[in-house]
Amino acid sequence: MSPYAQSVSTFWKGRFAPGQRAATLPTVQQLIGNLSLPYDLARTKAQADMLATQIRGDGRSVLLIPGLLASEQRMGWLRDILGRAGFDVHDWGMGRNFGPKADSLDRIDRRVDEIRQATGAPVTLVGWSLGGLYAREYAKFAPTKVGGVVTMGTPFSGDPRANHAWRLYQLVSGFPVDRPPFPCAREEKPPVPTVALWSRRDGVILPECAKGRTGERDAAIEVDCTHMGFAAAPEGIAAVGRALDLMRTL
């Protein structure tokens, strides 16, 4: 095989890596429910002041990690409301999330070190969907730098193909969904307080995969929102506030 053909073959190998279809997936009706995102954003805009007063901020540094193909802008309302509530909120600083790379955890580590320069205190990680997997694995990579992890609709438990996003993940990242480019034990709980937000209406991720099982996280909070609503709907943002509050007791 010529070097060019070998290069092309290698490029597409991970992107179209096959896998056995999951026994259970979210329903198509639930998936379509994610089209309510514009309505969720409008409700959050109208309720932003109220949400900020209902969340008890305590000055903790919080790092937001977006989901697959999302950017810092997608986390904007969550960042703004948590900031107004009294948290020291930061974007991850890597632009759009095109999937994991071999140096992803090292880059998050550098970002965490930047945030910690002022106080030296641990940083709490809040990750939406794929961003939550980054957060959990980074907390295992550098536990002394992490105060806790909140995941939002993150498929850290069960079958990695029990969702409507794994083929897109492989196409975008170039890696099989069960073989990321850095050490990863999805179901292993990080050695820090860990709260999982999950929804029966998610539509993208199978609820039990985002809820996790006893021993895979410290607590789980059910949220009445779609997958797209976790960082955009009032219910999703309020749940992050509850998770951060709960983390004080874990």
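# Sheet, helices and two residues with positive phi

L69 has a relative accessibility of 31% and therefore counts as partly exposed, since buried residues fall under 20% and exposed ones over 50%. The model described here is predicted.

## Two loop residues

Most residues other than glycine have a negative phi. L69 departs from this sign, with a positive phi near 65°, and it is placed in the loop that links β1 (61–65) to α4 (76–85). S129 also has a positive phi, near 55°, and is located in the loop between β3 (123–128) and α6 (130–141). Is S129 buried or exposed? S129 has a relative accessible area of 12%, which is under 20%, so it is buried.

| Residue | Phi | Relative accessible area |
|---|---|---|
| L69 | near 65° | 31% |
| S129 | near 55° | 12% |

## The sheet

An open sheet is built from 6 strands, ordered β2-β1-β3-β4-β5-β6, with parallel pairing. The edge positions are taken by β2 (88–91) and β6; each has a single partner strand, so one side of each is left without a neighbour in the sheet. From one strand to the next, the twist averages 20°.

At the β2 edge, β1 and β2 run parallel and are joined by 4 bridges. One of the pairings there matches L63 with H90 in β2. Helix α4 packs on the sheet, where it touches β1, β2, β3 and β4, and its direction makes about 160° with that of β2. That angle is over 145°, so α4 and β2 count as roughly antiparallel.

## Strand β5 and its neighbours

Why is strand β5 described as largely enclosed by the rest of the structure? The strand covers residues 194–198, and 5 of its 5 residues are buried, so the description follows from that count. The side chains are divided between two directions: T194, A196 and W198 point one way, V195 and L197 point the other way, and all are buried.

Strand β4 (residues 146–152) runs parallel to β5 and is joined to it by 4 bridges. Within this pairing, V150 has V195 of β5 as its bridge partner. Between the two strands the chain passes through helix α7 (residues 166–173), forming a right-handed β-α-β crossover. With strand β6 (residues 219–222), β5 likewise forms 4 bridges in a parallel arrangement. Here A196 is partnered by A220 in β6.

## A polar contact from helix α7

Helix α7 contains Q170. The relative accessible area of Q170 is 1%, a value under 20%, so this residue is buried. Which backbone atom does the side chain of Q170 reach? The side chain of Q170 comes to 2.8 Å from the backbone nitrogen of V177.

## Packing of α3 and α9

Two packed helices are described by the angle between their axes and the distance between the axes. For helix α3 (residues 37–54) and helix α9 (residues 234–246), the angle is about 40° and the axes are 8 Å apart. The two helices are therefore oblique to each other. On the α3 side, the residues that meet α9 are D40, R43, T44, Q47 and L51. On the α9 side, the corresponding residues are P234, E235, I237 and A238.

Notes: Residues numbered from 1 in each chain as written. Predicted model: local features only at pLDDT ≥ 70, side-chain atom pairs only at ≥ 80, totals over all residues. Heavy atoms only, no water. Buried < 20%, exposed > 50% of the residue type's maximum accessible area, 1.4 Å probe, protein only. Pairing = 2+ DSSP bridges. Right-handed = clockwise from strand over helix to strand, strands pointing away. Polar contact = N/O pair within 3.5 Å; in protein donor to acceptor, adjacent residues only side chain to side chain. Axes fitted to C-alpha atoms, helices over the stretch in contact; angles between N-to-C directions. Parallel < 35°, antiparallel > 145°, perpendicular 65-115°, else oblique. Contact = heavy atoms within 4.5 Å.
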